[in-house]
Amino acid sequence: MQRREVEELTYEMDTSWTTPPGITQMGGMACNANHTQLVVFHRADNDWSKEQWFDDNDEVLFPERYIHENTILFLDPETGKKLRSLGGGHFIMPHGVFVDHHGNVWVTDVALHQVMKFEVAGTEPSLVLRY
């Protein structure tokens, strides 16, 4: 296997950028296909915490507690302004997000064991893969 050198990534915090209200734990972030929007997949009130997801014997609990507010947000990367949102009522524990080269948004929910595809302008999943 050939080894490649990778340029070190750096970042700088932009204190003028404001996080839209309601975003708590994030399941993931991505850029849209043409890098003009930041896509955020967040967990709203469903924290990944020991108290909420594990019983006294450390057994995993997955209550049917769907998040009613929109969990997929499209933000302006310069200002943090919310441009649109979707996904309300589809998720319990958002976990990952990926945007393909067509602009489709693929998300995973670890509690539901599902992968969902939202098409570019869609507001409902066009494909759901279940365990």
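Me: Is Gln-114 buried or exposed in this predicted model?
Reply: Good place to start, and do keep in mind that the model is predicted. Gln-114 is found in strand 7. Its relative accessible area is 11%, and the cut-off for buried is under 20%. Because 11% falls under that cut-off, Gln-114 counts as buried.

Me: Which residues is Gln-114 in contact with, leaving aside its neighbours within four places in sequence?
Reply: Let's follow the chain outwards from strand 7, where Gln-114 is found. Strand 7 is joined by 4 bridges to strand 8, and these two run antiparallel. With neighbours within four places left aside, the contacts of Gln-114 are Val-107, Thr-108, Asp-109, Val-128, Leu-129 and Arg-130.

Me: Which residue in strand 8 does Lys-117 stand opposite?
Reply: Strand 7 and strand 8 run antiparallel and are joined by 4 bridges. Strands of a sheet pair through backbone hydrogen bonds, either parallel or antiparallel. The residue in strand 8 that stands opposite Lys-117 is Leu-127.

Me: Which strands stand at the edges of the open sheet with the order 5-6-7-8?
Reply: This open sheet has 4 strands with antiparallel pairing. An edge strand has a single partner strand, so one side of it is left without a neighbour in the sheet. The strands that fit this are strand 5 and strand 8 (127-130).

Me: By how many degrees are neighbouring strands of that sheet turned against each other on average?
Reply: The sheet in question has the order 5-6-7-8. For its neighbouring strands, the average ignores direction. The value is 15°.

Me: What is the average twist from one strand to the next in the open sheet with the order 1-2-3-4?
Reply: Here 4 strands form an open sheet, and their pairing is antiparallel. Its edge strands are strand 1 (26-31) and strand 4 (82-86), each of which pairs on one side only. From one strand to the next, the twist averages 20°.

Me: Which residue in strand 3 is the bridge partner of Val-40?
Reply: Strand 2 (residues 38-42) and strand 3 (residues 72-75) run antiparallel, with 4 bridges joining them. Val-40 has its bridge partner in strand 3, and that partner is Leu-73.

Me: How many residues are in the largest nonpolar core?
Reply: Among the members that touch the most others are Val-39, Ile-72, Phe-91 and Val-107. At least two residues of this core come from each of strand 2, strand 3, strand 5 (94-99), strand 6 and strand 7. Another core, of 5 residues, lies apart from it and includes Leu-38, Val-40, Leu-73 and Leu-75. The number of residues in the largest nonpolar core is 13.

Me: Is His-35 buried or exposed?
Reply: His-35 is found in the loop between strand 1 and strand 2. Its phi is near 60°, a positive value in a residue other than glycine. Because its relative accessibility is 60% and the cut-off is over 50%, His-35 counts as exposed.

Me: What is the phi of His-113, roughly?
Reply: His-113 lies in the loop between strand 6 (105-109) and strand 7 (114-118). At 43% relative accessibility, His-113 counts as partly exposed. His-113 is not a glycine, yet its phi is positive, at about 55°.

Me: Where in the protein chain is confidence highest?
Reply: The protein chain averages a pLDDT of 86, and 92% of the residues score at least 70. Confidence is lowest in helix 1 (residues 50-53), where the mean is 69. At the other end, with a mean of 97, is strand 7.

Key: Residues numbered from 1 in each chain as written. Predicted model: local features only at pLDDT ≥ 70, side-chain atom pairs only at ≥ 80, totals over all residues. Heavy atoms only, no water. Pairing = 2+ DSSP bridges. Axes fitted to C-alpha atoms, helices over the stretch in contact; angles between N-to-C directions. Buried < 20%, exposed > 50% of the residue type's maximum accessible area, 1.4 Å probe, protein only. Core = buried A, V, L, I, M, F, W, Y, C linked by side-chain atoms within 4.5 Å. Contact = heavy atoms within 4.5 Å. pLDDT = per-residue confidence, 0-100.
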